[in-house]
Amino acid sequence: MQLTTDFNDDFWQPPESEFQPLLEFEEEISREIPHNDISLLTQRIKRSFLDYVRQGIMLEAVRRYRLYKRQYRDFAEYCKLVLGRSPFYCKKIIQAAQICLQLIKSKFKILPTSVAQALPLVKFAQVDEYGQTQLEEKWQTVIDGFPPQLITAAKIAEALDENPEDRAKQVRIGGKSYQLLQQKAAAAGMAVSKYLEMLIGGTEPPDDEPPDDEPDSEGEPTELTAEQEEICDRAEAFTRQPKPKRVAGFGSKKLSTCYQKAIKNRSDKASDSS
């Protein structure tokens with residue numbers, strides 16, 4: 001195979017080269033440690049908390065202006081093949097970035113520091129018929145309720161929850177305990193969550209239904225099969241025959257217990273139907 005001199009730098013670039021700037025940044029910081037200015041580093045650290053906003057701005061530019069269309073079929077294909085991320089997640093980054101930008105424009109100094117923190121605010125950014133949103137009001141509720149260092153995505157969702165009683169809560173249990181819970185729930189024919197609700201409510205799992213060959217709770221016999229019906233017919237006909245006279249030395253033939261039970265069941269059914 002003959003090689004040409006028309007090399008493409010992007011093609012020949014090793015895969016790990018995209019991470020090279022991070023390694024160079026590490027070397028830069030390590031080299032300057034004795035002379036680093038804490039205020040400068042603090043500023044850069046705070047700025048990095050909002051990197052998701054920069055990602056969202058760039059993703060929105062790619063999507064809105066269809067910058068992917070020369071090489072890829074759609075935005076979803078671009079996200080999966082180039083970025084290695086699902087299009088769903090990329091759209092969430094865009095939404096989160098737009099929330100943060102709107103809060104910046106509203107002069108807030110404390111901002112969501114991650115996609116997860118910004119997403120619970122998305123539904124409050126919708127504009128109503130009067131051109132207003134609840135975003136600023138809801139975010140103010142969050143920062144009034146928690147100091148900045150304690151703000152998390154879970155606490156934001158909890159503070160903004162309009163139906164706190166219906167909101168699912170998380171409970172941590174050990175792996176063995178959960179396996180036992182799964183087994184008991186499966187034995188009761190229930191999902192784990194429903195089984196827990198039942199236990200918390202103080203109720204017991206439903207009893208198993210009685211087998212088909214046993215009487216039900218009211219003592220009624222089960223339906224007879226065709227073969228059992230035929231046996232009962234023969235046994236009943238036998239009992240209606242005239243009793244033979246006793247002969248000395250011979251006893252009358254006695255029906256077996258199973259025949260007696262079958263005849264009794266059939267007689268009970270006949271009397272019920274009449």
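**Exercise 1. Classify Cys-100 as buried or exposed in this predicted model.**

Solution. Cys-100 has a relative accessibility of 0%. The buried class takes values under 20%. Cys-100 therefore counts as buried.

**Exercise 2. Decide how many disulfides the chain holds, and check Cys-90.**

Solution. Step one: recall the bond. A disulfide joins the sulfur atoms of two cysteines covalently.

Step two: apply the cut-off. A pair of cysteine sulfur atoms has to lie within 2.5 Å. By this rule the count is zero disulfides.

Step three: check Cys-90. Its nearest cysteine sulfur belongs to Cys-79 and is 3.5 Å away. Cys-90 is in no disulfide.

Step four: add the burial. Cys-90 has a relative accessible area of 1%, so Cys-90 is buried.

**Exercise 3. Describe the packing of H4 against H5.**

Solution. Two numbers are needed. Packed helices are described by the angle between their axes and the distance between those axes.

Step one: take the geometry. H4 spans residues 51-64 and H5 spans residues 75-83. The angle is about 135 degrees, and the axes are 10 Å apart.

Step two: name the arrangement. With that angle, H4 is oblique to H5. The crossing is right-handed.

Step three: list the contact. H4 supplies Leu-59, Val-62 and Arg-63, while H5 supplies Phe-75, Tyr-78 and Leu-83.

Step four: sort by class. The contact of H4 with H5 has five nonpolar residues, no polar ones and one charged.

**Exercise 4. Do the same for H5 and H6.**

Solution. Step one: the angle is about 100 degrees, with the axes of H5 and H6 8 Å apart.

Step two: angles from 65 to 115 degrees count as roughly perpendicular. H5 is therefore roughly perpendicular to H6.

Step three: on the H5 side, the contact uses Phe-75, Ala-76, Cys-79, Lys-80 and Leu-83. On the H6 side, it uses Pro-87, Cys-90, Lys-91 and Ile-94.

Step four: the classes of the H5 and H6 contact are seven nonpolar, no polar and two charged.

**Exercise 5. Find the buried residues of H5, then look at Glu-77.**

Solution. Step one: Phe-75, Glu-77, Tyr-78 and Cys-79 are buried in H5. The buried residues of H5 pack against H4 and H6.

Step two: Glu-77 has a relative accessible area of 17%. That value is under 20%, so Glu-77 counts as buried.

Step three: leave aside the neighbours within four places in sequence. Glu-77 is then in contact with Tyr-72 and Val-82.

**Exercise 6. Locate the positive phi values at Arg-66, Gly-84 and Lys-107.**

Solution. Step one: Arg-66 has phi near 50 degrees and is not a glycine. Arg-66 lies in the loop between H4 and H5. Its relative accessible area of 54% makes Arg-66 exposed.

Step two: Gly-84 comes just after H5, with a positive phi of about 70 degrees.

Step three: Lys-107, also not a glycine, has phi near 75 degrees. Lys-107 sits in the loop between H6 and H7. Lys-107 is exposed, at 70% relative accessible area.

**Exercise 7. Summarise the whole chain.**

Solution. Step one: count the elements. The chain has 13 helices and zero strands.

Step two: take the burial. Of the 274 residues, 18% are buried.

Step three: take the contact range. Consider contacts between residues at least 6 apart in sequence. Of these, 47% join residues at least 24 apart.

How values were computed: Residues are numbered from 1 along each chain as its sequence is written. This is a predicted model: local features need pLDDT of at least 70, side-chain atom pairs count only at pLDDT 80 or more; totals for chains, interfaces and linings use all residues. Side-chain values use heavy atoms; hydrogens and water are left out. Axes are lines fitted to C-alpha atoms, for helices over the stretch in contact, and angles run from 0 to 180 degrees between N-to-C directions. Helices (H or I, at least four residues) and strands (E, at least two) are DSSP runs, numbered from the N terminus. Angles under 35 degrees count as roughly parallel, over 145 as roughly antiparallel, 65 to 115 as roughly perpendicular and the rest as oblique. A crossing is left-handed if the near helix is turned anticlockwise from the far one by less than a right angle, and right-handed if clockwise. Contact means heavy atoms within 4.5 Å. Ala, Val, Leu, Ile, Met, Phe, Trp, Tyr, Cys and Pro count as nonpolar, Asp, Glu, Lys and Arg as charged, and the others, Gly among them, as polar. Buried means under 20% relative accessible area, exposed over 50%, partly exposed in between (1.4 Å probe, protein chains only).
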